[in-house]
Amino acid sequence: MEKKSVMKKITGSREALLAVVLIVLFIIVTAINPSFLTPKSLMDMLKNNAVTMVMSLGMLCVMLVGGIDISIMSTLALSGMSIGMLLKYEHISSTALAFLIAIVIGIVCGAIVGLIISRADVPPIIATMGFMYIYRALGYQVSHGGEWASAAALGDFKNFATTKFLGMSLVIWVIILCYVIFFVFIWVIIVCYVFFFWFMKWTRTGRMIYAVGSNPSAAEVSGINVKNIKLLVYTIMGLLAGLGGALQVSIYASAMPDMQYGGEMDVIAACVIGGVSMSGGRGTVVGALLGSLILATIAKALPLIPFFDQLWLNTIKGVIILVVVVVNIVLQRTADKNALKGREM
């Protein structure tokens, strides 16, 4: 009975099933190529996918209210290019100030998108598609028509991702202390996820976001300002896109107007894999984390498998995404049916 109970819990929980999928992926890839499961390899995997992992938290909030944002990587490029040019021409030299400027640019971009969607009632896909082109074009304007900010032009800022403290990269320490001081990177992810877990689960605002996504009309009747909640989630998305722009420039020691072109699809895919509903009201921080980790594992693992051609990487990634999404849908329908039967009894 106990074994059946454990299996029932695993198959009945999206997060538990995703954790099992992630563990199986680790086991298979490690068996094929043991170099995958080394501290350096895992650290590189997290470092190279940090932007997606951080920004998936913002996309989680947006999707919970039934929205979508495909302008995020254009916001990232605009914020990253802006600080890259400021550093290149020595208008600023402080790493902390560069991060702050990138985040402020992201907040402004996100708030503008949120205002258009919440106040003008423009469909999210249309509004964000428009801003995707606008912000990307602004990024090119900031770059003086496509100029790069190379590693040589970034001064001490480029050392942010490579400098180590107590044996770990500063990028890792930033994620631990991202809302207090700008120190590191992989731990920034930890802090972001811990903060958002608390915010979405235990705060009134987090519960209102779920309420708006589940039933906007009922949320409005209960006194929730739906327009303000929508503005809030797009502003949060912009903030994290700005943070992602600063991380991108620091990690890769360069700024270019076309950086992360098309990367918004990975952010959306991470949320969908994690069980976040496209129609709103369903999704968890843990699910978004596991979805991001599965995508990061796929991106890191496939090039290490000798019999897989690099050209097939995106195809294999797409197949895995579809399989996981289908499993999530089946699990959700099963859970809904069980809940309905329970109420009828």
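Buried means under 20% relative accessible area, exposed over 50%, and partly exposed in between (1.4 Å probe, protein chains only). This is a predicted model, in which local features need pLDDT of at least 70 and side-chain atom pairs count only at pLDDT 80 or more, while totals for chains, interfaces and linings use all residues. Residues are numbered from 1 along each chain as its sequence is written, and side-chain values use heavy atoms, with hydrogens and water left out.

**Exercise 1.** Classify Phe195 and Trp198 by exposure, then describe their ring pair.

*Solution.* Start with the areas: Phe195 has a relative accessible area of 33%, so Phe195 is partly exposed. Trp198, at 45%, is partly exposed as well.

Next, locate the two residues. They sit 3 residues apart in helix α9 (residues 186-202), which means about one helical turn separates Phe195 from Trp198. Helices here are DSSP runs of H or I with at least four residues, numbered from the N terminus.

Now the rings. Rings of Phe, Tyr and Trp (its six-membered ring) pair if their centres lie within 6.5 Å; planes under 30 degrees apart are stacked, over 60 edge-to-face, and the rest tilted. For Phe195 and Trp198 the centres are 5.8 Å apart and the planes at 50°, so the pair is tilted. Finally, widen the view: Phe195, Phe196, Trp198 and Phe199 form one aromatic cluster.

**Exercise 2.** Are Phe131 and Tyr135 buried or exposed, and how do their rings meet?

*Solution.* Both residues are buried. They are 4 residues apart in helix α7 (residues 124-142), so about one helical turn lies between them. With ring centres 5.2 Å apart and planes at 35°, Phe131 and Tyr135 make a tilted pair.

How values were computed. Helix = DSSP H or I, 4+ residues; strand = E, 2+ residues; numbered from the N terminus.
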